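Hi everyone, thanks for making time today. I'd like to walk you through a structure that is probably new to most of you, so let me put it on the screen.

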Amino acid sequence: MMRLALILLVACACPSKKPVQSAPGSAAPPIATATTCDGIRPRVEQLYRAEAEAKEPKCVDEAVADNTQMVMNDCAKDPAKTVPCLAKAATVSELEKDCLIPLDDEGTEAK
């Protein structure tokens, strides 16, 4: 029983994939030149990674992947409007409030 607990502990503590990190001293890609959803993706990932490291340190990679995909899905629906908004968002809460399709109380897109 103790062995199983130890194996589970190690499995949960070890990330399944190595986080992508930029080289020391390098800046995030310029956001002023982003014109597509794929071009703004690094900025979105950066914002969600900072939030996840503070709020969900055990699930950073999963939180970043899930939240980034949610934003990319919304971005694909109206890139001309969404990309500039994402480029100027300074925080996750600003990004979600100003740039994403609002959800109703049931978690579906509000009309």
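Let me start with a term I'll use a lot: buried means under 20% relative accessible area, exposed means over 50%, and partly exposed is in between, with a 1.4 Å probe and protein chains only. Take C59: because its relative accessible area is 36%, C59 is partly exposed.

Now, where do these values come from? What you see is a predicted model, where local features need pLDDT of at least 70 and side-chain atom pairs count only at pLDDT 80 or more, while totals for chains, interfaces and linings use all residues. Residues are numbered from 1 along each chain as its sequence is written, and side-chain values use heavy atoms, with hydrogens and water left out.

First, the overall picture. How many helices and strands does the secondary structure come to? There are 5 helices and 0 strands, and along the sequence the pattern reads α-α-α-α-α. Helices here are DSSP runs of H or I with at least four residues, strands are runs of E with at least two, and both are numbered from the N terminus. Of the 111 residues in the protein, 25% are buried. The accessible surface is about 8100 Å², and carbon and sulfur atoms account for 60% of it; these areas come from the Shrake-Rupley method with a 1.4 Å probe, and for residues only the protein chains shown count as cover.

I'll also talk about contacts, which means heavy atoms within 4.5 Å. If you take contacts between residues at least 6 apart in sequence, 55% of them join residues at least 24 apart.

Let's move to helix α2, residues 37-55. Helix α2 has 19 residues and reaches 26 Å from its first C-alpha to its last, close to the expected 27 Å. That expected span is 1.5 Å times one less than the number of residues. Where does α2 bend? The bend is at R43, by about 25°, taken as the angle between axes fitted to the seven residues ending there and the seven starting there.

Several residues of α2 are buried, among them C37, R43, V44 and L47. The cover over the buried residues of α2 includes α3 (60-77), α4 (79-88) and α5 (92-99). One residue to find on your screens is I40, which lies in helix α2. I40 counts as buried because its relative accessibility is 0%. Its C-alpha atom is 9.8 Å from that of T82, although the two residues are 42 apart along the chain.

T82 brings us to helix α4. The buried residues of α4 are T82, V83, C85, L86 and A87, and their cover includes α2, α3 and α5.

Next, the disulfides, meaning pairs of cysteine sulfur atoms within 2.5 Å. The structure holds 2 of them. Counting bonded cysteines along the chain, they follow the pattern 1-2, 3-4.

One disulfide joins C37 to C75, with 2.0 Å from S to S. This pair links distant parts of the chain, with C37 in helix α2 and C75 in helix α3, 38 residues apart. Why is this disulfide called left-handed? Because the torsion about the S-S bond of C37 and C75 is about -95°. C37 is buried, at a relative accessible area of 12%, and C75 is buried too, at 0% relative accessibility.

The other disulfide joins C85 to C99, again with 2.0 Å from S to S. Here C85 sits in helix α4 and C99 in helix α5, 14 residues apart, linking distant parts of the chain. The link of C85 and C99 is left-handed, with -85° about the S-S bond. Both cysteines, C85 and C99, are buried.

Finally, two loop residues. T36 lies in the loop between α1 (2-13) and α2, and T36 is partly exposed, with a relative accessible area of 40%. A polar atom of the T36 side chain lies 2.9 Å from the backbone nitrogen of G39. The C-alpha atoms of T36 and P84 are 9.2 Å apart, with their positions 48 residues apart along the chain.

And which loop holds A90? A90 is in the loop between α4 and α5, and with a relative accessible area of 47%, A90 is partly exposed. Leaving aside neighbours within four places in sequence, A90 is in contact with R43 and L47. That takes us back to R43, where α2 bends. Thanks for listening, everyone!

Notes:
Polar contact = N/O pair within 3.5 Å; in protein donor to acceptor, adjacent residues only side chain to side chain.
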